[in-house]
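These exercises concern the contact between two domains within one chain. Try each task on the structure before reading its solution.

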Amino acid sequence: MEERSLSDQTPFETEIAQLLVTTLNLKVEPGEIPPSEPLFGEGLGLDSIDALEIALVIHQHYGYKLRSDDPDNATIFSSLRSLCEAIQKNREQ
Amino acid sequence: MGSVINSNIMTHSPLLGPYQPHSTVAWFNGTSMSADMVLSHVSLIRNQLPHKRYVINMCQDRYAFLIGFAAALCHNQTTLLPPNPSPEIMQQLIHEYPDCFYLTDGQEEIAGLEGITLNLDTNPDHTGMENPQFPDSYVAAIAFTSGTTGTPRPNPKTWGSMVQIAQKTGESLPLSQGKPVTVVATVPHQHMYGLETTIMLPLQKGWAIHSGRPFFPEDIASTLEEQPSPRMLVSTPIHLRACVLAHSRFPEVTYTLSATAPLPTQLAKQVEELLQTTIVEIYGFAEAGTIATRQPIRENHWTLLPELTLESQTDGHAVNTPYFPEPVLIPDTIQPTNIQQFTLEGRPTHLINIGGHRASLDALNLSLLSIDGVVDGVFYMPEEKEESITRLVAFVVAPGETVESILSALRTKIASVFLPRPVYLIETLPRNHTGKFLRKDAEALIREQPSHARSPNQAINP
């Protein structure tokens, strides 16, 4: 069992949440991003410009290149948790 | 000049500029669609269309959009191009144009409106339809701008003007004669820039249209790789910047078009190197479409498309063409350098551009003030930085409301790129004696608010 923060984030989710907040200049505390809620549209309110920024920063930090023809995309971007799972699965070792 | 439109009544222009039955018009799901197959799809879909006057074409696939657009023309229908797909805009359009239906390829729908789903396969029954001709004076599309009143403002586009712009844009590109170009685009086709460069330009030049819309740099690279050379990429500074930063491997892209926002010279150089390409920037706006081009590395000035002229007016400059009924005011501040060229001096402060989406602050403010519970409020654009996309913020006086409730209401009214980050809920808005909200007061308010975010430039360790 991984250690979870107060908001139920794993340490890696907190790391990615911090990356999102910094990259996108979001006015929330990283720890306040609920790991299971949508990042786009209603939830955190991100849009396609943010998706490009996220893809770039994830590539720079973890060597994982996002693709829009990935059938898992709807899942990958559905929440902080699924984004983190995709990064951990695909990151360069 | 007033009779120019009338003199066009009897002239027609074809759907496909050069028409060769077996040449590739589009790449759809990896299959080459010949002119004959495209025309077969058009006639098959035309027969499925309802007897309505207007159509909102929601097709996300570029090939499906093309077929729907052409079928609607054949059926004497006019395609409506909403400024954004927010529910409120759609309801306003349906209210203004009740004799209307929508087309979809299954990905989008409009609640409460009759819809037709295009089911296209890569092997349509041959119908023997000939290359259709449409009257140049026919209003093929109406592009809407958000306007300053909050109500979408219609900009009718005649078929003749769309054909002329495509041909003249083609003439202004540094093209060498030879094999037809395949056009890959990251931009949507429901806006004038996308419609003109990714649908009309290839149709009129006899080029091939790639049906997809690659988004991430890796997609853009692999989609280009899959196309035959010569290739053209139609994109925006945001996507081109992402391509440069991603260090993906790109094939040679003979031509790259960029529009929606100024392309910094340094970025233009990097793109030309990375894609082994010649970049041409397009300048236009929904009211007039494309009016000028330039090669950003080689020239600072913009050159008007052939036969366009500038006119000085009391409130700025206008552009005139043989295909406009009257001169069209240019929304940016320009400085003519000679009869065919000008430099861009910036845009008026009430107009904003975020990632290529333009809006007027007045219209956004009206949307904000129309929310139940909002007593006062304004949108404010912080100072823009080149290295990242700057978003709007909003100062809102709304006792009893929450940031979430205001964002939720705004989401139904304005495009998501304009949603404020963040919303500052305040007790009163400091307006001066003339009711104006000043920049220095906005900056002071931002400084006063508790900010949780770190500076975007602060490095973090992975």
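A salt bridge here is a side-chain nitrogen of Lys or Arg within 4 Å of a carboxyl oxygen of Asp or Glu. The model is predicted.

**Exercise 1.** Find the bounds of the domains of chain B and the distance between their centres.

Solution. Start with the domain assignment of chain B: domain 1 covers 10–346 and domain 2 covers 351–448. Next, take the centres over C-alpha atoms; those of domain 1 of chain B and domain 2 of chain B are 31 Å apart. Then list the residues in contact: domain 1 of chain B supplies 20 and domain 2 of chain B supplies 19.

**Exercise 2.** State how much area is buried between domain 1 and domain 2 of chain B, and what share carbon and sulfur atoms give.

Solution. The buried area comes to about 1300 Å². Carbon and sulfur atoms account for 52% of that area.

**Exercise 3.** Decide whether B:Glu88 and B:Lys413 form a salt bridge or not, and count the salt bridges between the two domains of chain B.

Solution. The closest N and O atoms of B:Glu88 and B:Lys413 lie 3.3 Å apart. The cut-off is 4 Å, so the pair qualifies as a salt bridge. Across the interface of domain 1 and domain 2 of chain B, two salt bridges are found.

**Exercise 4.** Describe the side of domain 1 of chain B that touches domain 2 of chain B, by element and by residue class.

Solution. First, helix H4 (87–96), helix H8 (237–246) and strand E15 (278–285) of chain B each give two or more residues to this side. H4(B) gives the largest share, three residues. Sorted by class, this side has seven nonpolar, 10 polar and three charged residues.

Notes. Residues numbered from 1 in each chain as written. Chains lettered and ligands numbered in written order. Predicted model: local features only at pLDDT ≥ 70, side-chain atom pairs only at ≥ 80, totals over all residues. Heavy atoms only, no water. Domains from an automatic or database assignment. Contact = heavy atoms within 4.5 Å. Buried area = accessible area lost by both parts, 1.4 Å probe. Helix = DSSP H or I, 4+ residues; strand = E, 2+ residues; numbered from the N terminus. Nonpolar A, V, L, I, M, F, W, Y, C, P; charged D, E, K, R; others polar.
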